[in-house]
Amino acid sequence: MKAAVLEEQGKGVVLRDDVKIEPPGPGQVRVRVCNCGICHSDLSVIDGAFPATLPVILGHEAAGVVEELGAGVDSLEVGDHVVLTPCPPCGVCYYCVRGDPTVCVRTTGLTSNTFVDGTTGLSRDGAMVYRGLNVAAFSENVVADANGAVKIPADVPLDVACVVGCAVQTGVGAVLNTARVEEGATVLVLGLGGIGLSVVQGARLAGAARIVVSDPVAERRECARALGATDFIDPASEDVVARAMEITAVGFDYAFEAAGRAALLDVGLAAIRNGGTLVAVGAPPPEELFTLMPAAFVITGKKILSTVLGGVNSLRDIPRYIALWRAGRLDLDALITSRRPFGEINEALDDLRSSRGIRTVLEIS
Ligand SMILES: NC(=O)c1ccc[n+]([C@@H]2O[C@H](COP(=O)([O-])OP(=O)(O)OC[C@H]3O[C@@H](n4cnc5c(N)ncnc54)[C@H](O)[C@@H]3O)[C@@H](O)[C@H]2O)c1
Ligand SMILES: [Zn+2]
Ligand SMILES: [Zn+2]
């Protein structure tokens with residue numbers, strides 16, 4: 001099959017048409033990938049900001065059609081339309097039964113880039129190819145755990161639904177599941193890519209009274225306005241913490257770091273009120289650190305949370321987000337500013353590198 005393979009970091013991906021994929025094993029399905037969005041987490045691996053296991057197929061924000069069932073799969077049928085998820089909940093492990101499905105034992109693949117047993121089902125010239133970020137959807141086909149392919153109604157366009165896979169699950173989930181923002185709250189969002197703009201929409205759904213956004217890109221601030229943001233900061237020319245105090249008098253109830261810069265965690269922590277909550281959503285490169293002086297921190301009562309894919313249960317939340325989209329309460333279309341054929345994947349990566357538009361969605365098959 002055709003797939004975009006990362007063979008060397010810093011050099012983009014290479015389209016290969018001789019990648020082999022094993023048929024689905026017990027409990028797995030094969031999905032024909034129709035569309036895949038591009039997330040900054042893919043770009044961070046491709047460009048070398050994050051470590052990589054090579055060769056690897058990235059792409060983890062995808063939707064497609066089930067084409068083959070492994071033994072024992074009775075939750076899906078051939079022909080079902082699905083959104084793929086990087087965090088398939090097994091439902092029975094220590095983490096799942098305690099309500100933390102995004103750290104399920106099945107999600108170790110986010111870093112190992114393999115299934116739990118160390119295999120990937122992917123190879124080229126007899127050598128293993130890794131399954132990037134637990135999905136590997138820059139590819140005509142994906143084999144996934146049955147719970148990693150979540151059924152959606154057949155009339156939902158797959159090129160729209162795919163952005164639910166990462167951007168929407170992460171951003172909306174960070175608000176509703178991780179932070180549990182309440183009605184009337186004040187919210188600051190730092191960084192307005194697909195993730196941050198989904199945080200904005202989550203805050204609107206939660207009934208936040210004030211949604212203040214910061215991003216140096218004017219076009220992204222304008223997009224945030226259409227999605228429910230109330231106040232706008234250009235961090236290139238304004239002091240974010242000073243503006244936070246001007247707007248709220250005491251600091252924000254919640255701040256979300258969604259740019260992937262460790263320095264913005266300091267900004268977020270300074271911009272929240274005593275007792276407020278900072279949520280680390282972005283994934284800064286490993287050499288960037290965030291330090292705290294406990295003696296000063298402990299008397300603020302501030303809370304710092306992290307979120308993996310918005311703390312979602314994908315089986316519950318993907319259908320929920322699709323239903324909100326259908327009800328006109330969640331805008332998926334606004335996140336998709338460009339569509340490109342699979343052959344233009346390196347140009348699509350460039351779109352994200354230069355913050356051109358929001359999400360570019362690939363038309364894969
Ligand atoms: N926690 C998770 O599970 C999870 C899931 C998906 C993505 N991520 C991470 O979330 C981050 C965002 O991903 P994305 O796809 O939206 O990326 P993106 O590149 O589309 O957006 C990042 C935005 O941050 C803005 N930015 C840069 N410097 C800024 C500053 N000083 N202040 C405010 N904004 C600034 C950029 O202009 C850009 O609009 C990445 O680090 C990604 O790896 C985390
Ligand atoms: Zn992502
Ligand atoms: Zn589990």
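How many of the five residues of strand β13 are buried? The legends below treat this point first and concern a predicted model.

**Figure 1. Strand β13 (residues 186-190) and its surroundings in the predicted model.** Five of the five residues of β13 are buried, so this strand is largely enclosed by the rest of the structure. In a regular strand the side chains alternate between the two faces of the sheet. Here both faces are covered. Thr 186, Leu 188 and Leu 190 lie on one side, Val 187 and Val 189 on the other, and all of them are buried.

**Figure 2. The parallel neighbours of β13, namely β14 and β16.** Five bridges join β13 to strand β14 (residues 210-214), and the pairing is parallel. Within this pair, Leu 190 is placed opposite Ser 214 of β14. Between β13 and β14 the chain passes through helix α6 (residues 194-206), forming a right-handed β-α-β crossover. The pairing of β13 with strand β16 (residues 252-257) is also parallel and involves four bridges. In β16, Ala 255 stands opposite Leu 188.

**Figure 3. Val 189 within the largest nonpolar core.** The largest nonpolar core holds 109 residues, of which Leu 84 and Val 189 touch the most other members. Helix α5 (residues 167-179) supplies the largest share of this core, with seven residues. At least three residues of the core come from each of domain 1 (3-165 + 332-363) and domain 2 (171-308). Leaving aside residues up to four places away in sequence, Val 189 touches Gly 196, Val 199, Val 200, Ile 211, Val 213, Phe 256 and Ala 258. Val 189 itself belongs to the face of β13 that also carries Val 187.

**Figure 4. A second, separate core of five residues.** Members of this second core include Cys 87, Cys 104, Val 308 and Val 312.

**Figure 5. The open sheet β3-β8-β9.** Three strands make up this open sheet, and their pairing is antiparallel. At the edges stand β3 (20-21) and β9 (127-128); each has a single partner strand, so one side of each is left without a neighbour in the sheet. Strand β8 (residues 122-124) pairs with β9 in the antiparallel sense over two bridges. Across this pairing, Ser 123 stands opposite Met 128 in β9.

**Figure 6. The contact between domain 1 and domain 2.** The domain assignment divides the protein into domain 1 (3-165 + 332-363) and domain 2 (171-308). Taken over C-alpha atoms, the centres of the two domains are separated by 28 Å. Where the domains touch, 15 residues belong to domain 1 and twelve residues to domain 2. On the side of domain 1, helix α1 (residues 40-47) gives the most, with three residues.

**Figure 7. The whole protein, as context for the close-up views.** The protein has twelve helices and 20 strands. Its C-alpha trace spans about 60 × 40 × 40 Å along the principal axes. The radius of gyration is 20 Å, which agrees with the value near 21 Å for a compact globule with 365 residues. Of the 365 residues, 51% are buried. Among contacts with a separation of 6 or more, 71% join residues 24 or more positions apart.

Methods
Residues are numbered from 1 along each chain as its sequence is written. Chains are lettered from A and ligands numbered from 1 in the order in which they are written. This is a predicted model: local features need pLDDT of at least 70, side-chain atom pairs count only at pLDDT 80 or more; totals for chains, interfaces and linings use all residues. A residue is buried if 20 or more other C-beta atoms lie within 10 Å of its own, exposed if 12 or fewer, and partly exposed in between; C-beta atoms are placed from the backbone. Two strands pair if DSSP finds at least two bridges between them. A crossover is right-handed if, with the strands pointing away from the viewer, the path from the first strand over the helix to the second runs clockwise. A nonpolar core is a set of buried Ala, Val, Leu, Ile, Met, Phe, Trp, Tyr and Cys residues joined through C-beta atoms within 7 Å. Domain bounds come from an automatic or database domain assignment. Two residues are in contact if their C-beta atoms, placed from the backbone, lie within 7 Å. The radius of gyration is taken over C-alpha atoms; the globule rule is 2.2 Å times the number of residues to the power 0.38.
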